[in-house]
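Student: I would like to learn how to read a new structure one feature at a time. Could we begin with the way strands are matched to each other?

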Amino acid sequence: MKEHIVDPKDTMVIECEAKGNPHPIFSWRRNGKYYNVARDPQASMRRRSGTLDIYAWNNPEQYEAEYQCIASNEYGSAYSNKIILRLYSKITPVWPREILEPVVISAGLPLVLSCDPPPGPPKPETYWMSSCKCLSRPVRQDRRVSMGVNGDLYFSNVLFNDSATDYCCNARFPYKNVIQQKMPVVVKVLTSEYESRTVAEAAPTWLSPTGSSSSILVLQGEELLLECIAAGVPTPHITWTKDGDALVVRSPMKVKNFNKMIQIPKATFDDAGEYSCSATNKIGYIEHTITVRVKAAPFWLEKPANLVLAPEENGHLVCRSDGVPRPTISWFIDGEPIETATPQPNRQVSGDTLTLRSVTAANNGVYQCNASNEYGYLLANAFVNVLHAIPRILGPRNELFKVIEGSNTFLDCRYFGSPVPELRWSKYGQGNLEGNRFKIHSNGTLEIKRIRVEDQGTYLCIVSNVAGRDESQVRVEVKEPTLIVTRPQSMKVIRGTDVRFECSVKADVTTPVTTTWMKGKKPIYTINIKNVIYLIEVLVGDEGNYTCVIKSELDQKSASARLMVMDRPEPPTNLELSDPYERSVRLSWVPGDSNHNPITDYLVQYDDDDWLPGKWRNLSLYPGNLNSVILHLTPFTYYEFRVIAINEIGMSRPSRPSKRFQSSGAPPDIIPKNLKGVGTWRNNMEISWEPLTYREWNGPHLKYLVWWKRKDSREDWRNATTKWLKYYIYDADTFTPYELKVQAVNDFGLGPESPVVIGYSGEDRPLTAPLNLRVSDIESTQVTVHWDPVTRNTIMGELKEYKVYYWRDSSQLRWLWVNRAMKSKAFPENDLEPSGVLTGLIPYSNYKMYIVVANNRYEGPASNNIHFSTPEGVPSAPGSFRIQQRHLDSIYVGWDMPPEPNGIITGYSLKYQTGTGEELQVEEFPPNVTSFSVRRYDRYTRYRFSVAARTRIGIGEWHTEESPHYTTEIYAQDQVDISTQGWFIGIMCAVALIVLILLIVCFIKRSRGGKYPVREKKDISLEPVDDKDQEGSFDYREEERGLQRGQPSMEAMMKRSDSDDSLVDYGEGGEIQFNEDGSFIGQYTGTRRDVRELDFGGGLELHSPMNTIYSLA
């Protein structure tokens, strides 16, 4: 009985279609009772159909039932097979939210983790995952760990590594495409330190099935799964036999799950028997026998056929079926058991045959045959129709048949009548055609074997019974057959070759023919000239059977040729890994098609990069006759492999990668590199080394074992283990040598030791400074420095360098400001009388310097400062070079003093020439001239100017610029000096007059005794000014005294401008007396200093009232 599983949220559809004349009426039975579809608001039947649509908005569970469709008209009722409608739940089944206690087990024992997924329908698909709480991944299955048919996870023996993660069973419900996860279970494996390396060996025992024998019943056509899972240490090997002989695996049978399971997709009676599975390891051997019995639901041998009978004829309905056990046959009329139907004396049932004799209209109806056993049933409908009809020939009449000579010809004459008419064939209406080459079939067809030309003519078919007769004629023409004269020839070529196929024919002159070329079963369209096709530069895809098809309206002939294209081989498939060890694994594959050129080699490539997959590298090359090789690997590394086949033409595409594989662990092979010991403090030493790459670990939990001892001492080696890349030794003497070595270690053991290297503990600050610092060979930009070296024992470490610190203290031009930034230069140790050259100095400058000694960590104390001066040099380029056109006929050139004179400027040189390359003009100027005007003869002429300053040493760097392109009078007017404009002179005079009036007013108020707060003056220093300039700048006070001596009337002018109550006189003369009122002392003393320190400058005009008033302010 068929099950139909539907989603209650969707419309549930149960199809039912039937035909009849008149059109049948449909009805339904539910659970064996009449189902009134019209009165159910949640169901409907489609128009002119029996298909049932159920919407089930409310309470969909009520529609889970057994349904049967009935189609009826006035001649009877036909019944469909029964169907069971099942709903899968609106809410996906889930596991109970239970807390699973950790499974505690000793290493080496077997373990079964149960799954018990929620029931369907339908049954869910199950699989196991690990690390369920973070990035889950499928449990890796092998001979030791595998999932059973029932979904449980079996461990033939547990290892310590099995406790590194948790496990959870997952169920996928295909109809909803939903995955449910069971609560994770944690496995804790108990092991001792000794057992962590080895596990106690144990003989095999059965985990599934248990005992020594079991039996399985399977129905024919259903899937048969046989499973044997054993426990033991080492993991047992499973082998199979059937009926005492070795199991022969033939398609579609498969041996899966590491030889633990036999899968037969559709069981047959030949699959019945006794299957024995044996589990073997080096400790013992066990065997289990599974008896397989195959049963069968009923299946048809002969179904009853519809009967159309004339009155008084006899008929038979045969219902022949088989099954295991043999089915029981039941007969029904219009759905009612024949035993309870109206008795009819001419109807008789004998086993699987129902006989009707001398039928009448009362025998009309639909008869059902039911064949059933305990595993299922069959139901078939057949109608019986009793009627009286005159003979009638069906189909077209007066047809013309054109046939090929020598062929078997069939002339159809389908007819109908009741009772069954008699049929007769004749040629030209004379005699009967029967015997020899003529044969009349039961359906009225005339067969003419190996027809000849003389068989051409008109044939007549006649049917008759007691009710009447009918006839039809057929005209036959016989034609010459088509022959292929030249057939295409098979070829074997290299890819890229041009190929030619030829096919010539001979046919009847009255029958046109067409030629079509086919590749396989598809027509091809290429160069086709007179039944010859050309294939240009063939590829592997062009390989195949090429057929020329010669077709006429009567017959068709064909000839084929095989084209084989030799090319690079196809990639290998079905890569499998087996026999894993810590440094090797066996890789097997199925060779791909060689493309008609033998495979000479196989190239195995691998990818072991976890973070950047897809970086394939070559591993090994193997002969082409192998498809299983041992690969040598690095321990504790994830690998993927792929294989490339090679023949004389080239390399194949890479195969699909194998499953991801991790090799077993081993002690490290690599010595950590670049071991060194360096002190980071005066009493410690930092031991460091380069880490091993992850591929060099060879196992989990990599650490480093560090060894050290003092050099040339008798003390024992000391060691420490660390997972870091540095280790520190404390309480060491300053700069003491140590012997060092290191080795890597993981969970599988110790790696090789590194060679012994020498490291030093920390350095301290040097104790003394270099002595006798001096200079020689002083030049304008460089000087040679000399010093006495320090003793080795005062360096407190390794001598790295001597470092000189120097700075420009001042310029020999006292008015020039300098940058006193400190610079340094290091000199490595060179000899017993060390020296070095300082470069990049600035000429005509005063320098200071000192020197220190340095080790790798510290610099020592500084030596005494020394002074030296550099001689004059050539100046730098003049600054602020200006080119202006103040008039239409002249160009003005101006410049500033060089930023670095590098000595006393003695003059300037100016070179200029026009852009057209005229003679170069040179002008010389004294130091106080910084401008020049050149007359222009043409407003379009441009000049190139170069200016440089000179000292007594020589001429300095040139500054070169080109004059702008002055072409218009407007531009020339824009370049006129603004100081010559009348409007500017007027504005400046007005501003000067306003400032003068304001100053006179302020001076008068002050002279009349205006009081000012002492707080505004208290920050003015009362100390005498030191004549020595602390910053190295030039002192102008000598010029000031001379200026005062040359201007005796200045003080008198001040007195005449003061009022009678002014206190300026108190500030003159000798030492100022301090009295209680400090404000007057500070105020008037400050006033006096302002006057004495005033810098009048060389260009001051004493007769100017503006200057006099400014000085008094």
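Tutor: Strands of a sheet pair through backbone hydrogen bonds, and they do so either parallel or antiparallel. In this predicted model, a good place to begin is L460, whose bridge partner in β46 is Q473. That match belongs to a set of nine bridges that join β45 to strand β46 (residues 468-479), and the two strands run antiparallel.

Student: How many residues lie between β45 and β46?

Tutor: Two residues lie between them, and β45 and β46 form a hairpin.

Student: Which strand is joined to β45 by six bridges?

Tutor: That is strand β42 (residues 422-427), which runs antiparallel to β45. Within this pairing, R424 has I462 of β45 as its bridge partner.

Student: Is strand β45 mostly covered or mostly open?

Tutor: A general idea comes before the case: in a regular strand the side chains alternate between the two faces of the sheet. As for β45, which spans residues 457-465, seven of its nine residues are buried, and the strand is mostly covered.

Student: Now I would like to follow a sheet from one edge to the other. In which order do the strands β79, β80 and β83 stand?

Tutor: The order is β79-β80-β83, and these three strands form an open sheet with antiparallel pairing. The edge strands, each pairing on one side only, are β79 (879-887) and β83 (931-935). On average, neighbouring strands of this sheet are turned by 20° against each other, if direction is ignored.

Student: How many bridges join β80 to β83?

Tutor: Five bridges join them, with strand β80 covering residues 890-896 and running antiparallel to β83. To see one position in this part of the sheet, look at V893, which stands opposite F932 in β83.

Student: What else should I look for at F932?

Tutor: F932 belongs to a cluster linked by ring pairs, together with W895, Y908, Y912, F925, Y943 and F945.

Student: How does one describe such a pair of rings?

Tutor: A pair of aromatic rings is described by the distance of the centres and the angle of the planes. The structure holds 27 aromatic pairs. In one of them, formed by F155 and Y167, the ring centres are 5.7 Å apart and the planes stand at 80°, so the pair is edge-to-face. This pair links distant parts of the chain, with F155 in strand β15 (residues 153-155) and Y167 in strand β16 (residues 166-173), 12 residues apart.

Student: Are F155 and Y167 buried or exposed?

Tutor: Both F155 and Y167 are buried.

Student: I have also heard that backbone angles can be worth checking. What is the usual case?

Tutor: Most residues other than glycine have a negative phi, and most peptide bonds are trans. A cis peptide bond joins N21 and P22, with omega at about 5°, and P22 is found in the loop between β2 (12-14) and β3 (25-30). The peptide bond from V324 to P325 is also cis, with omega near -5°, and P325 is found in the loop between β31 (320-324) and β32 (328-333).

Student: And which residue in the loop between β65 and β66 should I check?

Tutor: Look at H701, which is found in that loop, between β65 (685-688) and β66 (703-710). H701 has a positive phi of about 55° although it is not a glycine, and at 55% relative accessibility it counts as exposed, because the cut-off for that word is over 50%. Phi of D777 is near 50°, again a positive value in a residue other than glycine. D777 lies in the loop between β72 (771-776) and β73 (783-788), and at 56% relative accessibility D777 counts as exposed.

Student: What does UniProt list for residues 983-1004?

Tutor: The unreviewed UniProt entry lists these residues as "transmembrane region". In the model, residues 983-1004 are 100% helix and 0% strand, with the end C-alpha atoms 32 Å apart.

Student: Finally, how many helices and strands does the chain have?

Tutor: The chain has six helices and 85 strands, and buried residues make up 39% of its 1113 residues. The chain exposes about 63,300 Å², of which carbon and sulfur atoms supply 51%.

Methods:
Residues numbered from 1 in each chain as written. Predicted model: local features only at pLDDT ≥ 70, side-chain atom pairs only at ≥ 80, totals over all residues. Heavy atoms only, no water. Pairing = 2+ DSSP bridges. Helix = DSSP H or I, 4+ residues; strand = E, 2+ residues; numbered from the N terminus. Axes fitted to C-alpha atoms, helices over the stretch in contact; angles between N-to-C directions. UniProt positions renumbered as here; feature names shortened; annotations may be inferred. Buried < 20%, exposed > 50% of the residue type's maximum accessible area, 1.4 Å probe, protein only. Areas by Shrake-Rupley, 256 points an atom, 1.4 Å probe, with all protein chains shown as cover. Phe/Tyr/Trp six-rings, centres within 6.5 Å; stacked < 30°, edge-to-face > 60°.
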